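Okay, thanks for coming, everybody. I'll put the structure up and then walk you through a few spots I've been looking at.

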Amino acid sequence: MHSTHINPREPVVATAFDPIDLSGLRLRNRVVMPGMGRARAFGPGNTATDSMVTYYAQRATAGLIITEGSQPSIVGQGFPNTPGLHSTEQIAAWRHVTDAVHAEGGTIFAQISHVGRVGDPGLLPDGLVQVAPSAVAAPGQLFTFDGMKDFTTPRELTSQEVRETIADFAQAARNAIEAGFDGVELHAAYGYLIHQFLAPNSNLRTDEWGGSVEGRVRFAAEVATAVSEAIGAQRTGIRVSPGTGYNGVEEPDPEPTYVHLVRRLSEIGLAYLHVVENSRDLTGILRKEFSGAFILNPATDGFTSAAELALIEDGTADMISFGALFLANPDLPARLRAGGPYNTPDRTTYYGGTDKGYIDYPYLTG
């Protein structure tokens with residue numbers, strides 16, 4: 001009889017279905033549901049609804065659920081019926097979602113997203129307008145209650161307002177923990193506010209918040225610091241999309257900016273870095289620079305598929321996020337393990353031409 005011997009010096013290859021420790025949180029697998037805009041916060045004051053409770057509970061077998069973006073302040077809203085994390089009513093409504101996910105054994109982080117210049121003043125009360133690092137309008141149009149409209153020119157934040165906005169992120173993070181979330185993800189991607197500070201064509205400031213790479217990175221780093229001090233770095237992750245060009249940001253040479261940013265984030269000790277991939281070379285560089293867990297939404301010709309699970313096995317990433325397939329297949333981890341079958345994602349609620357985001361408005365298809 002032959003005994004099986006495992007050489008302790010041989011590295012153990014992780015698979016997508018192995019548990020992983022995320023700064024003290026034990027995740028059941030390495031399949032991540034990323035934040036995807038659903039625009040279903042029809043409750044009073046942009047509060048979560050019963051349909052959102054059902055939606056997230058159905059997907060609780062993910063190793064990690066990251067919610068749709070939730071604005072940290074009234075002026076942070078850019079689309080109709082998106083949820084917030086800045087009122088007592090919103091906190092109470094989100095508690096129904098987190099309780100339902102936890103009842104199914106899931107782990108759920110709230111994505112905190114301030115859209116900055118990406119929005120329309122018609123959504124905002126009392127004559128408020130969108131704010132941004134600089135008074136530069138995003139190109140293109142967005143869907144509003146009155147149909148498609150051109151983006152308007154935002155108002156440039158003063159230095160004091162930048163600090164107040166950082167405080168809004170920290171308070172939203174505290175609110176998320178009060179609502180029962182296991183942690184938060186800072187949305188620094190897709191051309192929203194944090195990304196607008198990072199990109200040289202949307203951040204034209206010459207003060208401490210702009211100009212050099214260090215200046216443009218400062219806002220993201222200080223938001224991450226403030227949130228980490230509020231709820232703990234082990235409960236804080238961040239999502240970035242270097243060089244992807246969403247919502248009109250232009251980053252012709254993203255490597256210096258993102259290497260500097262990731263080094264700052266590693267010093268803070270964030271739980272994870274979530275990268276929407278544009279360049280595999282840059283992915284590898286950021287992977288080496290970051291000290292925490294590395295989540296990848298890989299660059300693909302279409303939807304992220306089971307084939308990308310190999311990126312966990314070869315060490316490219318610790319976890320992989322699936323957008324389209326998780327919408328169409330609430331039990332996606334089980335289907336991935338079984339090799340299918342998969343429901344086909346409905347492109348009528350799909351926009352962008354890649355596996356990066358969904359929204360229920362048919363006007364935003366592409």
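**A helix, a pocket and two buried residues**

So, what covers the buried residues of α3? The cover includes α2 (88-103), β5 (108-112), β10 (183-188), α4 (193-198) and α5 (213-231). One caveat before I go on: this is a predicted model.

Now the helix itself. α3 runs over residues 159-178, so by the 1.5 Å a residue rule we'd expect a span of 28 Å. From its first C-alpha to its last, this 20-residue helix reaches 29 Å, which is close to that. The buried residues in α3 are Val-162, Thr-165, Ile-166, Phe-169, Ala-170, Ala-172, Ala-173, Asn-175 and Ala-176. After the helix comes Gly-180, and its phi is positive, near 100°.

Let's pick one of those buried positions, Thr-165, in helix α3. Why do we call Thr-165 buried? Because its relative accessibility is 6%, and the cut-off for buried is under 20%. Leaving aside neighbours within four places in sequence, Thr-165 is in contact with His-114, Leu-157, Leu-193 and Phe-219.

Thr-165 also takes us to the second largest pocket, since we find it in the lining there, along with His-114 and Leu-157. Others in that lining include Ser-73, Val-75, Arg-155, Glu-161, Glu-164 and Asp-168. The pocket holds about 200 Å³ of space. Which element gives the largest share of its lining? That's α3, with four residues. If you like to think in chemistry, the lining has five nonpolar, three polar and four charged residues.

Next stop, the loop between α4 and α5, where Ser-202 lies. Ser-202 counts as buried because its relative accessibility is 2%. What does its side chain reach? The backbone oxygen of Gln-196, at 2.8 Å. Setting aside neighbours within four places in sequence, Ser-202 is in contact with Arg-117, Pro-133, Ser-134, His-195, Gln-196 and Val-249.

Last one: Tyr-55, which is in helix α1, residues 50-58. Tyr-55 is at 5% relative accessibility, so it counts as buried as well. If we don't count residues up to four places away in sequence, Tyr-55 touches Met-33, Met-36, Arg-38, Arg-40 and Leu-327. And here's a pair to find on the screen: Tyr-55 and Val-97 are 42 residues apart along the chain, with their C-alpha atoms separated by 8.9 Å.

That's my tour. Happy to rotate the view for anyone.

How values were computed
Residues are numbered from 1 along each chain as its sequence is written. This is a predicted model: local features need pLDDT of at least 70, side-chain atom pairs count only at pLDDT 80 or more; totals for chains, interfaces and linings use all residues. Side-chain values use heavy atoms; hydrogens and water are left out. Buried means under 20% relative accessible area, exposed over 50%, partly exposed in between (1.4 Å probe, protein chains only). Contact means heavy atoms within 4.5 Å. On a 1 Å grid over the protein atoms alone, a cavity is a set of points where a 1.4 Å probe fits but cannot get out, and a pocket is an open set with protein on both sides within 12 Å along at least five of seven lines; lining residues have an atom within 4 Å of a point. Grid points are joined across faces, edges and corners, and a volume is the space filled by probe spheres set on the points. Ala, Val, Leu, Ile, Met, Phe, Trp, Tyr, Cys and Pro count as nonpolar, Asp, Glu, Lys and Arg as charged, and the others, Gly among them, as polar. A polar contact is a pair of N or O atoms within 3.5 Å; within protein, one must be able to donate a hydrogen and the other to accept it, and residues adjacent in sequence count only if both atoms are side-chain atoms.
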